[in-house]
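I opened the model today to look at sheets, cores and a few odd backbone angles. These are my notes, in the order I worked.

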Amino acid sequence: MNADPSPQFLLELEGLEQRLFDAASGETFTVRVDMPLRIACRSSVALLGPSGCGKTTLLTVLGLLRSPTSVERIQRFLMRTPLGDGNWIEHDLRDVWQRRRRRHVERLRREHLGFALQSGELLPALTVRENIAAPLRLNSVSGNACRQRVNELLQSFGLEDSESFSNNGSKNGPRRLGDQRVNRLSGGEYQRVALARAVAHRPTLLFVDEPTSALNRELAHDALRQLRSLQCGPQSHGALVMITHDENLATTFCDVIIRMAPRRGEPVGEVVEISPNTPTVEPALLPEVNHSSPAVVTLPVQELAPIESLNAGSLTPDQIAMAEVKA
Amino acid sequence: MIGRWWYYFGLGCRDLIRLWSTTQHHVIIVAGICLPIMMLLGLKRGHVETLRQDLITSPTGRQITFWSARKGELLDRNGIERLTSELPTVDVIIPETQRIAGLRTLVDGELREVEAATLYATRPGDPLLLQLGLQAPERGMRGIIIGEGVAQRLSARVGQSVEVILTRGRGDLAESAKVDLNVVGIMPTEELAAAIAYVDLDLLDQFDAYVRGFRVPEFGWASAKSPAPDAYSSYLIFCEPGNDLTEGDRRFLADRGFQLSNRTASPPEPLSRLLIENFAEKLILYEARTERSELDPRARLRLAPSELSEATEADDVILPWNRSQSASVSGEQWQMVGLSLPRRTWLREYFINADLAFDYEADPFQGRATSKGPMSVQWPLNDALKVNLSIEPVKQQESDASQTSSSVNSDSKTDASEANAKSNSTATVESEETAIVVVPANLLAWVSSYSAGLVEYDADIRLFVPKLESAIYDRARLYARTIDEVPTVVRALAERQFAVMSETGRITEIHRQDESLQLLVLVVGLGVFLFGVVTVFSVLMDSTDRKRATIGILRVMGMSRAGIFASILLRATAIGAAAALLSLLCGWGLSQALAWPPRDFSWLQWKPVVAVQLHEMDLSIVATGAMLCCGFGAIPPAWRASRLDPFDAIVEGRFR
């Protein structure tokens, strides 16, 4: 691991050959990344491709959820994460996997990576707040800082309050979503909670798999705008990697589009194109109206510091509050 | 790190509480395993305790009665003290001594009396009385616990005074003593006719001393007017040559432990000076003694000489003999010789004066001398005690004696004269220095015993009386601290050669039943425990499979394998604790129901009353067992869960 004060790329991968054995069919499917794949700081990357071409498999390797099956074939696999003092640290993931440094991987996942998977997958025993706070608590963030960050995210993702209705359609009054168990949430709320949880601990790399499949277009745009603001804003040190089938979303929100496709006649899926893209989304720095929570206008978070800063006190409540301006 | 683990713990707790339907399912399964073991342990303990209770409530439960039976140690005060300190786990030892006494009260001017009540010994902390809710009188306290029947007849209440009347001697010699004792308790008795009472052992020993004729200075009671027995170091057997001891006589004496020695040539001093000159020609003198009679004052002989003489075939005369004592009387050295003979006997003729020796009925405090008196002197036995003696003179009748002797045995006269010439000349020399005073044999015996510290002189009645010795008890009752310790104490007493009577048989039987039931519970418990481990294993395996998605999310978020493992283990242990609590509550309820006697409900008469005792130890065993059972059962599922691939777990969990 080397200290790097100003990294251009947060993740670099070249020469991946990931084999997947399907016990039911007895076949092996291979996912290949032959061209250099680099994820720059403050960028959003879309993984596009037809179903079954290996997008999720690639995501799990990039997100350190699975070890590469042929580590020795990988030419380059690096990850850079910020230290609390402004410096960066480079992790040679090829070496980490080769030496089976399981705890190192767990720590990277816990502190620097965020995930929002297809169906959310929240913890059923916890409330919305507790679910969002889970990554923070796993990183031993103190109670106060945790509570403030959760409030911030509830507001950002429009989860603060909502109207509840009885069976006959009459209003029951406002419902405090944060204190609800997750089994009472609607599909959209559920997915937004999952997104809020994924960014709660300010990950360096955020991986999302079809994050807006349960949201309508408007909410999907809002949610992705939030994610982009948080991960790719000028003050951010992170990046966003997103699997989507929606070309429009990719061109609207992503700086890089990676296209994957199955090789004809072979059980292989590979990266076929990595192309830069100019997102059409409005500049993230401008205040934007949160449609799901009209009372709140959200600014991109000013200080996207690594997780240590939450506990170290480098971010005062005022600074955190400055990230959000109430209308 | 600690914060993270604390969070894992919190997650586990929330999981337990908020997903209660799953938790309760697990808790009920484990409680279903724990409850039968708990009830089994409770039933076992209840059954054994019922058996033990019979013994505990019975006054003889912890009691061991033991006696020396001629083999064990002497049961005197010192012996009791020694046994109390040396035997294991002894609560108290109380000698089983008793004394008959009269009890009397004066109520409203009317005299009420129980002529013969049996007083038993007790000690502070006597479990027999404690069982009845009574405290035994303190040591030295003049208190008495009377039986219910005695209390009724005397109209006595606690706090009142009762007069105890002790009687000793018979006929004209009968005398009595009285002492007032305070009633400290009234004990219930099965029969009102039973006249019993309890007094402290010290007090009862003093009563006993009085009745046996001893002086009791604490109460100012004098000795009885019966002298101490006279005891002798040997017997002198005089025979005439033609009428010597037969073989049968010698065998008779030998059978009784006597060693016979011929002392004709060297009679015990100063006997030669008191016999006629040539007695050796006309008499044969034997000395009969045992091995210890001369050396040990306690082993001195107490046979009546006449009884011994009658038992022998020879026409012998037997004298009880103690070594003569020197005394300094009025500035002179006197030699005190104890001589008592039958009033009419041929032997008197062989003494220098036939009246020199006393007869057996003579007043003991007198003396005779050939050259003294009549006078009254004081014989100093020590600095404190001087015995008054009246000395009477007797004349030497050497010629008469010689004649008598010669008439009895004239053939040996010349030889005897020559043989005694030397000894006579010695006696003459000695007589110039030391006067011989003959006293009754019993006086010299008492003086010898007094010198040995065996008797004492009671100046009030002018008698040597037996010295009070520590009471020796026939038997004693001992109380072990618990009935479980009774067999140990019994073994210890048996090793000391005591004869023992106790409830050891029943206690051993209870222990045997306890051990059998313990084994049964152990085997059943172990089986159920293993069954529980397997059940918990399969239940948690299924539960973990259902939680794959959750486990996957936690792993994706960076929760370590150890964290997953520990949280599942912790959850299982908490289920074990909850199950233990549930089974405890159910067990308590069930035990109450089983122990409840349905007296007021005739339709429930069929219900047996079963004693179930839920002991803390059993409860802790079951609780620990439940947690261990869950802990062990959770190890494989926890291990498997910690090894799950995070992404696969989520994907697979999603479709379960």
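**Burial first.** I count a residue as buried if 20 or more other C-beta atoms lie within 10 Å of its own, exposed if 12 or fewer, and partly exposed in between. Bear in mind that this is a predicted model.

**Entry 1: positive phi outside glycine.** I looked up A:L64, which has a positive phi of about 60° although it is not a glycine. Its place is the loop between α1 (55–62) and β7 (76–82) of chain A. Is A:L64 buried or exposed? I find 24 C-beta neighbours inside 10 Å, so A:L64 counts as buried.

A:R42 also caught my eye, with a positive phi near 60° in a residue other than glycine. I located A:R42 in the loop between β5 (37–40) and β6 of chain A. A:R42 has 18 C-beta neighbours inside 10 Å and therefore counts as partly exposed.

**Entry 2: the eight-stranded sheet of chain A.** I traced an open sheet with mixed pairing, in the order β3-β4-β15-β14-β6-β13-β12-β9. At its edges I find β3 (16–22) and β9 (113–116) of chain A, each pairing on one side only. Neighbouring strands of this sheet are turned by 20° against each other on average, direction ignored.

I then checked some pairings. β4 (residues 27–33) and β15 (residues 268–276) of chain A run parallel, joined by three bridges. A:V31 has A:G269 as its bridge partner in β15(A).

**Entry 3: β13(A).** How many residues of strand β13 (residues 239–243) of chain A are buried? I get five of the five, so the strand is largely enclosed by the rest of the structure. Both of its faces are covered: A:A239, A:V241 and A:I243 are buried on one side, A:L240 and A:M242 on the other.

Next I went through the partners of β13(A). Strand β6 (residues 44–48) of chain A runs parallel to β13(A) and is joined to it by four bridges. Here A:S44 stands opposite A:L240. Strand β12 (residues 205–209) of chain A is also parallel to β13(A), with five bridges between them. In that pairing A:L206 has A:L240 as its bridge partner.

Helix α7 (residues 217–232) of chain A lies across β6, β12 and β13 of chain A, and I read an angle of about 145° to β13(A).

**Entry 4: cores.** I pulled up the largest nonpolar core, which has 132 residues. Those with the most contacts inside it are A:V45, A:L47, A:V241, B:V30 and B:C34. What does A:V45 touch? Leaving out residues up to four places away in sequence, I list A:I39, A:A239, A:L240, A:V241, A:M242, A:C254, A:V256 and A:I258. Apart from this core lies another, of 60 residues, with B:A231, B:L245, B:I276 and B:Y350 among them.

A reminder to myself: in soluble globular proteins, nonpolar side chains tend to be buried together.

**Entry 5: a sheet in chain B.** I found an open sheet of four strands with antiparallel pairing, ordered β2-β23-β1-β24. β2 (90–95) and β24 (499–502) of chain B stand at the edges, each with a single partner strand, so one side of each has no neighbour in the sheet. The twist averages 25° from one strand to the next. Strand β1 (residues 63–67) of chain B pairs with β24(B) over four bridges in the antiparallel sense. B:F66 has B:V500 as its bridge partner in β24(B).

**Entry 6: helices of chain B.** In helix α6 (residues 201–211) of chain B, I noted buried residues including B:L201, B:D205, B:F207 and B:Y210. The buried residues of α6(B) pack against β2, β3 (98–107), β4 (110–122), β6 (161–168), β7 (175–187) and β8 (196–200) of chain B. After α6(B) comes B:G213, with a positive phi near 100°.

I also looked at helices α17 (residues 561–595) and α18 (residues 616–642) of chain B, whose axes come within 7 Å and cross at roughly 150°. α17(B) and α18(B) are therefore roughly antiparallel to each other. Their crossing is right-handed.

**Entry 7: a cis peptide.** The bond joining B:E269 and B:P270 is cis, with omega about 0°. I found B:P270 in the loop between β10 (259–262) and α8 (271–274) of chain B.

Methods:
Residues numbered from 1 in each chain as written. Chains lettered and ligands numbered in written order. Predicted model: local features only at pLDDT ≥ 70, side-chain atom pairs only at ≥ 80, totals over all residues. Core = buried A, V, L, I, M, F, W, Y, C linked by C-beta atoms within 7 Å. Contact = placed C-beta atoms within 7 Å. Pairing = 2+ DSSP bridges. Helix = DSSP H or I, 4+ residues; strand = E, 2+ residues; numbered from the N terminus. Axes fitted to C-alpha atoms, helices over the stretch in contact; angles between N-to-C directions. Parallel < 35°, antiparallel > 145°, perpendicular 65-115°, else oblique. Left-handed = near helix turned anticlockwise from the far one by under 90°.
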